[in-house]
Structures are given as structure tokens and as C-alpha cells.
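Open your viewer and have the selection box ready. We will go from stop to stop, and at each one you will hear what to pick next.

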Amino acid sequence: MTDRNYRMPVTINNEDDNHPSNPSTGPAMTDLIAQRFSRRTALKGLLASAALGAIGVGSGAIRPAQAAMDLSFAEIPHAYDENLHIPAGYTANPFLRWGEPIIAGAPDFDATARDAAAQAQQFGYNCDFVHFVPLPEGSNASDHGLLVVNHEYTDAHMIFPGFADGKEALAATTAEMAAYEQAGHGLSVVEVKKEASGWTLVKDSKLNRRITLATEFELVGPVAGHDRVKTSADASGMKVFGTMNNCAGGWTPWGTILSAEENTHQYFGGDPSGTAEAANAKRMGIKGEPSYAWGKFQDRFDISKEPNEPNRFGWIIEVDPYDPASTPVKHTALGRFKHEAATTVINSDGRLVVYTGDDERFEYIYKFVSAGTFDAAKGRANSALLDDGTLFVAKLDAEGNVTWMPLVHGQGELTEANGFKSQADVLIEARRAGDLLKATKMDRPEDIETSDKTGKVYVVLTKNDKRKADQVDAANTRAENKWGHIVEMVPPMVDGKADHAATSFTWSAFIQAGNPGDAAQGAAYGGAVTDAGWFANPDNVAFDAKGRLWIATDGFPDHGVHDGLWVTETEGEGRASTRHFLGAPRGAELCGPAFTPDGKTLFVAVQHPGDEDGSNFATPSTRWPDFKDGMPPRPTVVAITKDDGGEIGA
Ligand code: FEO
Ligand code: CA
Ligand code: CA
Ligand code: CA
């Protein structure tokens with residue numbers, strides 16, 4: 001998803017971050033901040049600069065130099081234009097574009113025709129999360145596999161000819177347009193091969209699959225079959241059609257893909273106020289002002305008619321990419337909110353831990369810990385681990401401690417007196433449960449990744465320009481945070497292995513994004529960064545096989561620079577010292593990133609190219625990647641390879 005503040009004020013807005021929906025009064029942190037400043041001062045002699053002292057990550061001084069890192073590419077400059085920029089010696093192949101036929105018999109993309117049945121067999125819109133799954137299954141292949149891609153949302157005024165902006169397109173939406181939008185959402189599974197000429201898709205592969213709003217899902221876990229997920233169309237409360245606003249995601253040790261349903265509130269029209277779900281709807285941001293007109297054509301997207309339908313979205317879903325006939329599931333034990341990511345790790349004791357954040361201003365970081373342990377011999381049956389376990393929400397204090405607080409019905413505040421009659425209620429209203437436990441309100445938790453090398457956990461906070469000076473805390477130190485930051489969590493070690501299931505971690509700031517050359521921004525890096533090395537608005541991140549962290553951005557155009565990709569070490573001299581690798585075409589945010597197992601291909605997703613102030617189907621700010629008259633810009637997955645065949649970045 002993107003933040004549209006730098007674009008025209010259209011009605012369609014894939015976030016609702018101008019209207020945070022968390023009304024709870026969290027812990028007053030001012031005194032705690034003072035404590036943390038004091039502690040840092042004593043320990044490190046910092047505090048010459050309040051911003052730097054608060055996070056203690058280093059000098060942050062900008063210098064025209066780079067920290068020593070095991071990276072050999074020539075850093076690219078900041079820019080903002082129609083091109084995708086990569087370092088010399090690399091090739092970018094935009095090979096998987098919106099509308100590309102992937103299912104056998106699918107028609108070719110047509111620049112103007114908008115047929116829902118065709119779109120349901122073609123690559124969807126606005127690619128976000130990307131993951132490469134080797135073929136054959138169980139191999140470590142890096143030249144043949146399946147790409148699993150999320151299609152987060154659709155932009156009507158960029159897709160359909162004839163509308164000045166999103167507001168006009170919304171008002172004029174027909175049933176046919178709504179059907180096309182629904183077919184453009186969901187996921188694609190596409191067989192891909194690395195040929196001598198570069199990466200290509202295998203167009204009619206039997207493994208290719210589209211998942212859309214029409215795909216049947218099974219609701220599993222504690223909420224399955226509960227009254228609050230039953231609807232006129234589904235008396236069982238277990239059968240849901242579709243997934244939407246799939247943002248980032250993750251993968252499991254048993255070969256499946258997890259995908260995060262994020263801003264699902266914006267698809268529901270109708271007035272929630274007269275329904276039994278009114279308070280729940282409000283906390284999720286559903287307020288009768290949808291960004292899509294689907295409720296005009298299908299009662300399930302009108303909350304006044306089907307008040308339980310929204311409770312069937314906002315989950316982590318699981319898809320088996322190797323079995324196109326499989327029924328995907330929604331795992332309710334992981335809670336319902338605006339999920340961004342789902343990062344799994346097999347804990348030192350064999351339990352499965354999943355980190356996931358809620359991407360909205362002032363929302364929370366969560367993790368799920370399974371009750372059972374992973375057993376490789378059980379294969380796909382390990383999926384049941386995601387249905388029985390404990391969901392925790394994080395509190396980050398000024399002493400550098402993370403306390404993971406269990407969201408368990410009957411414990412603490414999560415009682416019937418507070419409106420939770422069962423664990424299903426706690427999970428459906430996970431946000432309100434987090435409010436009652438006074439979890440730490442973060443600056444929009446986006447992706448979370450764990451380092452295989454160190455066991456440390458990196459939580460990406462994209463920004464929060466609504467945070468007031470009296471709302472800053474130790475983990476979110478800047479009022480009107482326009483730049484975002486990355487927090488590093490450290491689990492305790494048990495016999496040399498990280499204990500991700502522990503309820504106490506420590507944390508510290510890793511990077512405070514922004515321009516360290518402008519002291520007013522309070523940016524801080526681990527060491528030297530060049531004029532091109534600083535960035536803002538981190539969103540998706542990925543580790544490569546060497547343990548380096550690759551950071552994609554969403555919102556840097558607000559600061560006059562293309563979104564793109566930066567990379568840093570997390571340990572040693574190059575720690576938290578980012579270097580600029582890739583720049584996206586104008587109007588786009590950068591998603592993915594994902595590597596092949598050999599580290600020689602990097603896949604990135606260019607989302608909503610050309611969508612910016614004044615753009616529409618007729619007048620996009622770029623026609624990347626086709627650059628043909630009449631052809632709209634197309635969200636596209638790009639394969640990046642090194643011309644000498646070596647590892648990316650090496
Ligand atoms: Fe869909 Fe939070 O980015
Ligand atoms: Ca995102
Ligand atoms: Ca984002
Ligand atoms: Ca990631």
C-alpha cells in the first residue's frame with residue numbers, strides 16, 4: 001500500500017492513516033523517556049543531541065563516504081524520473097506485468113478492454129509481496145520455481161479509461177468495473193524460469209493460479225464457525241469467498257505462503273452504526289465511506305446488510321503454491337487487524353513463532369507462538385500449528401525491554417465484563433484487546449524480519465506524521481515522524497539459540513530514517529552514509545543469504561526522491577549504514593524484495609507506477625514499463641541480475 005498524501009485528494013486511498021482509529025489512552029511515556037535518556041547518557045555519554053541520544057545508534061553525521069561493507073556495487077544517486085535505476089553491471093527485466101496471461105487460454109492484455117473473466121486469468125494489479133518457491137519442491141533451485149505475488153489493491157482511475165481521478169471513478173463504478181477490480185485483487189502463482197535470455201514466465205503451466213475475491217477459503221482456528229463470522233451466504237461461518245488488500249506476507253517451513261490482509265476496512269459500504277458490530281467496525285476504520293463501490297452490487301460488502309462479513313477479513317491467510325487445487329485458509333489464531341507481514345521462525349524449542357504488525361498509525365506489534373512443535377515429517381499438516389497457540393502484543397519500554405503480553409481470554413482485562421465472551425471475541429477484536437493491555441502504539445508497523453545469523457528481529461515503522469510532541473515515547477521518538485524508523489529486538493539466547501517464544505526481549509533503535517544532513521529531522525544511522533545512502537519511509541525488508549538487510553521504501557517521493565531499495569549490514573562496521581541500490585519509476589512504491597536461494601536474482605515489485613498528482617488512465621506521469629502511447633503504466637515484477645552472473649550486491 002502507499003501513502004497518498006503527496007497525491008491528489010481522491011476518495012480512493014489505500015490507507016486510512018489520516019484517521020487513526022485507535023482511541024485508547026496508552027501509557028504516558030514522558031517520564032519513561034527521561035529515564036531512557038538518562039540511562040543512555042550514563043552509558044554512552046550521548047545526549048548532545050536529544051534525537052541521537054534517544055536512540056543511541058551512532059553519530060549520524062553525514063559524510064561523503066561509505067562504511068566498509070562486503071558490497072561491491074557502485075551506489076546510485078537519488079533521483080525522481082520515469083526510469084527504474086540500478087547500478088552499472090546489473091540488468092533489470094520487467095517480465096511479469098499487470099494483465100500478462102498466466103492461466104492456459106487467457107487472452108493477451110488489452111490496453112483498454114476491461115473484462116473481469118480475462119483479468120481473473122491474468123497477472124493482477126498492484127503487485128506487493130513477492131516470494132520465490134523453488135521447483136521441484138524440496139530442491140534449492142534458483143533458476144526454476146514459482147513466484148507467489150500479492151495484488152494489494154486496484155486504482156480505478158488508472159485502470160479504467162475516462163475518469164479524472166479516483167473520486168470520479170468511484171462514483172461511476174458499474175457492476176462490471178467492480179468485478180474487474182475484484183479479479184485484479186488477490187494473489188498470483190506463476191511458474192518462472194531463468195533462460196539464457198533472462199527470466200520468463202511459463203504461460204500455460206498447470207501450477208499457475210489466480211486467487212481473487214471469488215476464490216473459496218476455509219476459515220480455521222478459534223474463530224471458525226463462530227456466530228460473529230456467520231452470514232446470509234454462509235451459515236457455517238467457515239466458508240469465505242476471497243481475500244483482499246494482501247500487502248506483505250511470509251512463508252512457512254513446510255513450503256506454503258502466508259499473506260497479510262491489510263486495509264480491508266475500505267471495501268465495506270453502508271452505515272455500521274446501527275449494527276451489533278458498530279464499535280468493532282469503528283475500531284477497524286469502517287465508517288460508511290468505502291474506497292470501492294462493491295457494496296452497491298453485493299450485499300456482503302454493505303455492512304448495514306451483512307454486519308459480520310468484515311469479520312471474515314483482516315486475517316493471515318495460507319496458500320499452498322504447489323497445489324493449485326488446494327483450498328487456501330484464513331488462520332484466525334493470529335488475530336484480526338490490518339496485518340502487514342507474517343514472518344515465521346522455528347524456535348529453538350521447535351515451536352513456530354510468527355511476527356506480524358498492524359500497519360496503521362498508533363497500532364501494535366504482535367507475535368504468535370504455537371502450542372505444538374514443528375515436525376518436518378508431517379509436511380503440510382504442520383499448518384495446524386497456526387491454529388493452536390498464543391497471540392502476544394508488544395510493549396516496548398524506556399529501559400529497552402520488550403514485554404510480550406498474551407491476548408488470552410479470561411486473563412487480565414480480556415474478560416466478559418469487557419465484552420470478550422470467548423477467545424474468538426479477543427481475536428476478532430485484537431486491536432481492542434491490545435488497547436486494554438496498554439500495548440505500545442507504534443509509528444505504523446510494516447514489515448518484520450528475523451536474521452538467521454543473529455536471531456535479532458527487525459521491525460519496520462514507516463512513519464507517523466500524526467504523532468504529537470506529547471505522544472512521543474522511547475520507541476517512537478519523533479513528533480510528526482515523516483521519515484520512519486527501524487527497531488531492533490533481541491530475543492534471549494538459550495544454548496546459543498534465540499528464544500523467539502520468550503515473553504521478554506530487549507530492543508534498541510537500529511535506524512532513524514531521514515536526511516542526517518538536516519539536523520532538524522533527527523535522523524541517525526550506524527555510521528557514514530552518502531547523500532544517496534539516506535532514505536525515508538521503510539516498508540518491506542528482506543535478508544539475503546549473507547545476512548544483509550535490504551530495505552524497500554514507500555513514501556520517499558514525499559521528500560522529493562524515488563522510492564527504492566537500500567541495503568545495510570546489521571553487524572560490524574557497516575551496521576545501519578545504508579547504501580542505495582535501486583530506484584523505482586516515478587509514482588511507484590517499491591515492494592518485494594525477494595531473492596533466489598543462490599542470491600543471484602533479486603525480484604522486486606514496482607507498485608502503482610505513474611500514479612501521482614494529476615495522473616489518470618489518459619495522463620499517467622509515466623507509461624513504464626511499456627512506454628507505448630495508449631498503454632497504461634503497469635505494476636510489474638522485475639528480475640534483477642548481475643551481468644557477470646554473480647550474487648546481487650557482492
Ligand atoms: Fe500495504 Fe502497510 O503497506
Ligand atoms: Ca507495505
Ligand atoms: Ca506502506
Ligand atoms: Ca519481508
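Buried here means under 20% relative accessible area, exposed means over 50%, and partly exposed is in between (1.4 Å probe, protein chains only). This is a predicted model in which local features need pLDDT of at least 70 and side-chain atom pairs count only at pLDDT 80 or more, while totals for chains, interfaces and linings use all residues. Residues are numbered from 1 along each chain as its sequence is written, chains are lettered from A and ligands numbered from 1 in the order in which they are written, and side-chain values use heavy atoms, with hydrogens and water left out.

**Stop 1: the calcium site**

Select Glu446 and Asp539; both are buried. Now show the calcium ion (ligand 2). Its protein donors (N, O and S atoms within 2.8 Å of a metal, or 3.2 Å for Na, K and Ca; water is not among the atoms, so sites may look incomplete) are Cys247 (SG), Glu340 (OE), Glu446 (OE) and, listed twice, Asp539 (OD), at 2.3 to 3.1 Å. Add the calcium ion (ligand 3): Glu446 bridges it and ligand 2, and the two ions lie 3.6 Å apart. Glu446 sits in strand 20 (residues 445-450) and Asp539 in strand 26 (residues 538-543), so the pair ties together parts that are 93 residues apart in sequence. Helices (H or I, at least four residues) and strands (E, at least two) are DSSP runs, numbered from the N terminus.

**Stop 2: the open sheet**

Follow strand 20 into an open sheet of nine strands, ordered 13-14-16-17-18-25-22-21-20 with antiparallel pairing. Two strands pair if DSSP finds at least two bridges between them. Strand 13 (343-346) and strand 20 are the edges, each with a single partner strand, so one side of each has no neighbour in the sheet. Inside the sheet, select strand 22 (residues 485-490) and strand 25 (residues 504-512), which pair over six bridges in the antiparallel sense. Ile486 has Ile511 of strand 25 as its bridge partner.

**Stop 3: the cores**

A nonpolar core is a set of buried Ala, Val, Leu, Ile, Met, Phe, Trp, Tyr and Cys residues joined through side-chain atoms within 4.5 Å. The largest has 60 residues, and Leu386 is one of those with the most contacts inside it. Helix 8 (residues 423-428) gives this core its largest share, four residues. A second, separate core of 24 residues includes Val345 and Met489.

**Stop 4: helix 6**

Finish at helix 6 (residues 175-184): how many of its ten residues are buried? Seven are, so to speak, under cover, among them Met177 and Tyr180.
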